[in-house]
Amino acid sequence: MKPGNILTLVILLGLVALLVLVPQLVGSRVVERIATALAISLVLVVGLQTFTGNSGILSFAHVGFMGIGAYASAVLTIPVQMRGMALPDLYGVLAQIQVTPLVGIALGGVVAALVAALVAYPLMRLSDAPAVITSFALLVVIYTVLQHWSAVTNGPRTLFGLPKATTLPLTAAIASVVIVVALAFKESRTGLLLRASRDDERAAAALGAGIPALRWRAFILSALIAGIGGALWGHFVTSFSPKAFYLKETFVILGMLVIGGMNTVTGAVIGAFLISLLFEGLRALETALNASGVFANQVVGVTEIVLALAMMAVMFLQPGGLFAATEIGPLILRRFTRRAPP
Amino acid sequence: MQTLLQFTIDVLSLGGAYALMALGLVIVYGILKLVNFAYGELIMVAGYGLFLMNGSGLPWLVMAAVAVLIAVVTGVLTEYAAFRPVRAKSVTAVLITSFAFSTILQNAALLFISPRPRNVPLPDLFSQTVAFGGILIPARNLITIVASIGLLLLFAFLMKRTVLGIAMRAAATQFRMARMLGVPANLIISTAFAISGFFAGVVSLLWIGRIGSVTPGVGLEPLLVAFIATVIGGMRSLQGAVLGGFLLAFINTALNYLLTQDLLQFRDAFTFTLVILILLWRPEGLIRGPATGQRT
């Protein structure tokens with residue numbers, strides 16, 4: 001492994017460790033909740049980066065796979081005696097199986113990956129705008145199915161009764177693994193070929209890269225991570241409805257990745273940190289505004305507007321995001337090893 | 001026989017609206033090779049325009065014209081706010097900025113108007129029905145058919161016969177070459193956005209005329225329809241967009257007739273499966289359009 005990559009890994013994992021340590025030191029439940037939510041976002045954003053960053057194709061379907069993971073884990077882990085209430089119409093065999101949350105989270109990832117493997121193969125032949133559009137349509141389809149498949153998802157109503165299993169150390173550990181996997185995938189043969197196809201599709205294809213198959217692998221990996229992230233989130237909030245896995249969440253996850261810089265894992269991590277903290281601040285402001293009663297109506301949507309403006313500003317000034325091409329490790333090394341400019 | 005007539009009219013009226021939606025999206029895509037994610041919000045903005053003019057006492061046609069104008073202005077505004085600063089830099093950046101711009105418009109509607117549906121004024125004609133050949137047809141379906149076919153013909157004439165249309169088609173084929181031959185790039189792009197806004201405005205009248213009310217998220221379904229129709233039809237071709245619109249309407253209406261009630265709620269999933277099958281067969285879409293993909 002190159003020294004730059006090691007340094008990147010150390011810095012990013014250091015940030016995650018910080019995330020676990022700070023709430024311990026502050027000792028506040030609220031801070032711990034925020035940190036856990038941030039770690040879940042880390043999993044999701046870095047998961048999205050493995051596909052979008054390496055292939056250069058924006059995927060809107062990511063949050064859909066997050067939803068699949070959350071629901072898969074929910075169906076398998078809600079205690080059997082509660083199933084009758086939470087999911088009255090569940091199919092016979094499924095209704096009897098109960099696994100521990102950890103197994104449920106893992107299976108959530110596997111189910112999401114399987115669905116991705118099945119539906120995505122034909123889509124991976126598309127590039128540019130058609131690819132983005134079909135991923136958007138895929139998100140809508142997953143949402144439609146989640147919302148109407150009452151037997152498994154309780155329909156558009158809230159599904160409740162998931163055991164609370166997502167702790168900060170667990171989430172941080174998974175986030176660390178995901179970061180390592182994302183960096184390793186980026187440097188792997190598949191990742192390298194995929195990045196070549198991102199930079200010049202025709203040249204890469206001419207050199208023998210089987211682009212659809214490469215993208216397919218990245219997409220499955222990305223869906224696996226999204227499923228795990230979704231299941232973690234499910235066991236964190238313990239009750240949710242399909243609405244949670246739609247455009248609003250997509251916008252937030254995409255915003256984190258894009259502002260940080262989608263081509264690098266560093267960008268994904270930094271983006272998740274920055275936007276999560278910005279969001280918490282804005283949400284507090286929104287709540288305060290509503291509580292103070294300055295405005296006659298409820299103030300809604302300010303958070304999204306600010307995030308949208310931030311995204312546009314970053315795109316105007318630096319279209320590649322904050323870390324557009326180079327991971328933080330090599331970036332630092334380059335600064336400190338003073339070489340004559342070429 | 002009656003079912004066939006009913007079916008034909010359903011397909012034509014839905015397809016007409018779909019074709020206009022797709023055309024509004026593809027006119028911009030054809031020239032810039034960039035997708036406008038804020039397209040659905042143009043439809044929403046026109047709807048809220050109608051809502052705000054409710055009770056102003058103006059004749060409906062004037063209100064409709066103003067609503068379409070609002071969509072046109074917002075379309076041009078989208079170009080200035082989300083496209084012009086980044087369009088030469090990166091495709092992904094534009095996807096993001098237009099998605100962000102769409103979020104801003106939606107949340108502005110949430111913040112300043114209301115998350116709840118608002119009724120829009122509609123002429124009585126929209127709720128009447130016409131008896132024809134033994135079946136009852138809602139008059140708004142006939143209006144949609146007439147309006148869309150009229151607009152498509154007008155648009156075809158504009159693109160084939162006028163200097164502006166020829167310049168736009170040239171720009172869609174080889175933008176750089178067209179610029180070298182003296183086609184003013186910014187003017188052409190702004191015009192494309194204005195036309196896109198015009199289509200969105202008309203679609204808004206027809207679409208919201210079906211639903212009767214406007215919400216901040218009303219633009220999503222038309223946007224999705226336009227997306228899918230253009231991908232099936234071929235992203236680079238105007239004919240493809242129209243064909244894709246009618247084909248999608250045909251698939252949707254056929255599924256409406258064929259599927260049972262409990263399967264009908266999954267209609268979007270079925271439609272999308274068909275779209276995937278079409279794309280497996282033809283990744284470029286049904287009509288290929290000009291072969292080049294040069295951007296500015």
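What percentage of the 342 residues in chain A is made up of buried residues? I looked this up first and found 51%, where a residue is buried if 20 or more other C-beta atoms, placed from the backbone, lie within 10 Å of its own C-beta atom.

Before going on, I note that this is a predicted model, in which local features need pLDDT of at least 70, side-chain atom pairs count only at pLDDT 80 or more, and totals for chains, interfaces and linings use all residues. Residues are numbered from 1 along each chain as its sequence is written, while chains are lettered from A and ligands numbered from 1 in the order in which they are written.

**Chain A overall.** I counted 16 helices and 0 strands in chain A, both taken as DSSP runs numbered from the N terminus (helices H or I, at least four residues; strands E, at least two). The radius of gyration of chain A, taken over C-alpha atoms, is 20 Å, close to the 20 Å of the globule rule for 342 residues, so chain A is as compact as a globular protein of that length; the rule is 2.2 Å times the number of residues to the power 0.38. Along the principal axes, the C-alpha atoms of chain A fill a box of roughly 70 × 50 × 40 Å.

**Helix α14 of chain A.** I then followed α14(A), residues 265-292, which has 28 residues and spans 40 Å from its first C-alpha to its last, close to the expected 40 Å, the expectation being 1.5 Å times one less than the number of residues. Its buried residues include A:V265, A:I270, A:F273 and A:F279, and the buried residues of α14(A) pack against α1, α2, α9, α13, α15 and α16 of chain A. After the helix comes A:G293, with a positive phi near 70°.

**The side facing chain B.** I found 31 residues of chain A in contact with 34 residues of chain B, contact meaning C-beta atoms, placed from the backbone, within 7 Å. On the chain A side, α7, α13 and α15 each supply at least two residues, and the largest share, 13 residues, comes from α7(A).

**The nonpolar core.** Finally I looked at the largest nonpolar core (buried Ala, Val, Leu, Ile, Met, Phe, Trp, Tyr and Cys residues joined through C-beta atoms within 7 Å), which has 209 residues, and in which A:V43, B:Y18 and B:A22 touch the most other members. Helix α1 of chain B gives the largest share of this core, 18 residues. Leaving aside residues up to four places away in sequence, B:Y18 touches B:V225, B:A229, B:G245, B:F246, B:L248 and B:A249.

Key. Buried ≥ 20, exposed ≤ 12 C-beta atoms within 10 Å, placed from the backbone. Contact = placed C-beta atoms within 7 Å.
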